[in-house]
Each structure stands twice: as C-alpha cells, then as structure tokens.
Amino acid sequence: MDTSENAPVIEVRGLHQKYGDFEAVKGISFEVRPGELFALLGTNGAGKTTTIEILEGFRAPSGGSVRVLGHDPFTERAKVRPHTGLMLQEGGFFTDLTVAETVRFWRDVSPRKPYSVAETLGRVELEDKAEVQVRQLSGGQKRRLDLALATLAQPKVLFLDEPTTGMDPEARRNTWTLIQDLVSAGTTVLLTTHYLEEAERLADRLAIMHEGRVELAGTSAEVVAQQGNRIRFRVPDALPADRLPLLDGVRATTELRKGQVTAEYKLGADPESTQQSLAQLIGWATHNRLVLDRLEVRSASLEDVFLEVAHAA
C-alpha cells in the first residue's frame, strides 16, 4: 500500500453493490487525491448515494474494494471514522434540543474539539439561532447545522451528500466559500450534488454516473471539452425546421417552447471550425433574407454533458 503523502485519500476499485437481483453499482473505479474536491454526479438512481454509503463504512461492497485513508471503512471503521466528517441527505437531529445544545452534544462525543460552540455556529451563520429548537429551523438552516457538525472536528476527509439542498442563493454561496476554505486548508472532499453550477464552481475533478457506471470523468474543462461548441437561435416563424442548412455536416436539433421553435447545432470543439460554421449560417440567412433572433455561440456546459449522459440509454 502506498503510504506516501501523495497516496490517494479515497480509492475505489471495481466496486459492485447488489440488492438482491438489482445491481446498483456496476464495477466503478476512481480515486480522490489529498486536498482535492471530487464531485460525483448523476441522476437519481445512478448509484451515487450507495457509493458514498460504502465509503462511509455503512455497508460492505458486494464486490471490488474501497479504501479511505488507506483502510477499509467497513472492517476498519475505528481507524477511519475519527478522521472523517459526514453530511448526509437526512440529518439525524434531536429536534427538541436547541441549536447550541446540539453543537454541545456533538462536541462532547467528538474526538477533537477545535471550535467552540460560538465559532461553530458563526462559521455557518447560525449565531442568531443558538437558542432556537432544531425543529423550528427551516430546511436550509438545518443543512447549515448539518455542515457545522460535519466539520466540527476538522476532518481529514469530508463526505458531502447534497449539502446545499434547500438553501437560498446567499446561503448556498456562503457554504461554497466555507467548503473552499476547508479544501484550501487540506481537507479532502467527496461531494454529491444536483446543482451542476456547484460542481463546476467547487470541483477539482468530477465523475458522472449513469445506471451504476461511471460514464465520464476528469476535470470539468476536460469533460465539457468532449461536447464541443453550440450555435443556437430562434427559427424564423415562416421557415420550416427541415429547411435549416447542414453546418459542417451537422443537422440542427429543434425544440418547441412557448410557441417558439429554437434550433441548436452541436459542433466540434475546434474554434476555427466553429467560426466557419457560423459564417456559413450567417451567409445562408443573408441569402434567404432571414433574421436569426437570439443568435448565440457558446461552449458546451456541464449541464449539456450531464443531459447527454442521462439520455444516452
């Protein structure tokens, strides 16, 4: 086993997980390096949460292996758990306790206590809720309390499962800053999220799962580059969609929304080729005396990539 400082903090090798005859995870592999934020993306049922639960030591895999800090999180839980923080989709609160009492309880059972109650609540902007019962918090406030408890002991590894669900935009961005600060301080983070902007903003690398398999992996830029560029515009009302020209051998896809047809060309990533296709389109429109409303040229987004993977089956 590699025990160097550059050894992966999280290793997943040929991981399988079955529930009866249903295989939720089908032989996935990835690793997360020290001080890295790795985002695991996918549609509902893709296998993300199952993978996280195995890495957290809540269940043994049906096949393959996982390691966290060099140890099996299921059979060597005592060696892993003191160094990890968990933020699950559903927090296990004692709802009759106040927010401050909840933090005090977690400090009492935590192996390390680097933050006071006031500091813990201040980091997630819940100071004014200290004497409020947990049951009275909003969904977003409960998620912020979840994050405070998950990071209370300054874990080496932090598992974040949909951390900003229910938060308003300001709280979400403040949470991003806190997570970025943790990563900058050396914490290794495995994140699942349905907010693709969140993954693009935070992740050093990411993987997209679909039906139990990792379909794409790499940096956000690497993954997006595989999808090329886009030319998009509103189709003039008098023009049948089947009269749109081919651009670089590519036919436009069309979408009807609120009575207006929008066309989109999915091109390669080469800028010169995209520029030539745009010139061809403008020349065609000029020749036919057409105005292409809301004409735009853009790179593919992570959302484009995600939807391509999700609709591939």
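Which residues line the largest cavity?

## The enclosed cavity

In this predicted model, the lining of the largest cavity is made up of Leu-55, Glu-56, Pro-73, Arg-77, Val-80, Arg-81 and Thr-84. By class, three of the lining residues are nonpolar, one is polar and three are charged. The volume of this cavity is about 40 Å³, and the structure holds one cavity of 30 Å³ or more.

## The largest pocket

The largest pocket has a volume of about 440 Å³, and among the 22 residues that line this pocket, Arg-81, Leu-86, Trp-106, Leu-149 and Ala-150 are the closest to its centre. Two or more lining residues come from each of strand 5 (84-87), helix 3 and helix 5 (139-150), with strand 5 giving the most, namely four residues. The lining divides into 14 nonpolar, five polar and three charged residues.

## The second largest pocket

The second largest pocket has a volume of about 340 Å³, and of its 16 lining residues, Arg-232, Glu-264, Lys-266, Asp-304 and Leu-307 lie nearest the centre. Strand 10 (229-234), strand 11 (253-257), strand 12 (260-266) and helix 10 (302-310) are the elements that give two or more residues to this lining. Here the classes are one nonpolar, five polar and ten charged residues.

## A buried threonine in helix 3

Thr-102 belongs to helix 3, which spans residues 99-109, and this threonine counts as buried because its relative accessibility is 3%, where buried means under 20%. A polar atom of the Thr-102 side chain lies 2.9 Å from the backbone oxygen of Thr-98. Leaving aside neighbours within four places in sequence, Thr-102 is in contact with Phe-93, Leu-97, Val-134, Leu-145 and Leu-149.

Conventions: Residues numbered from 1 in each chain as written. Predicted model: local features only at pLDDT ≥ 70, side-chain atom pairs only at ≥ 80, totals over all residues. Heavy atoms only, no water. 1 Å grid on protein atoms, 1.4 Å probe; cavity = no way out; pocket = protein on both sides within 12 Å on 5 of 7 lines; lining within 4 Å. Points joined across faces, edges and corners; volume = space filled by probe spheres on them. Nonpolar A, V, L, I, M, F, W, Y, C, P; charged D, E, K, R; others polar. Buried < 20%, exposed > 50% of the residue type's maximum accessible area, 1.4 Å probe, protein only. Polar contact = N/O pair within 3.5 Å; in protein donor to acceptor, adjacent residues only side chain to side chain. Contact = heavy atoms within 4.5 Å.
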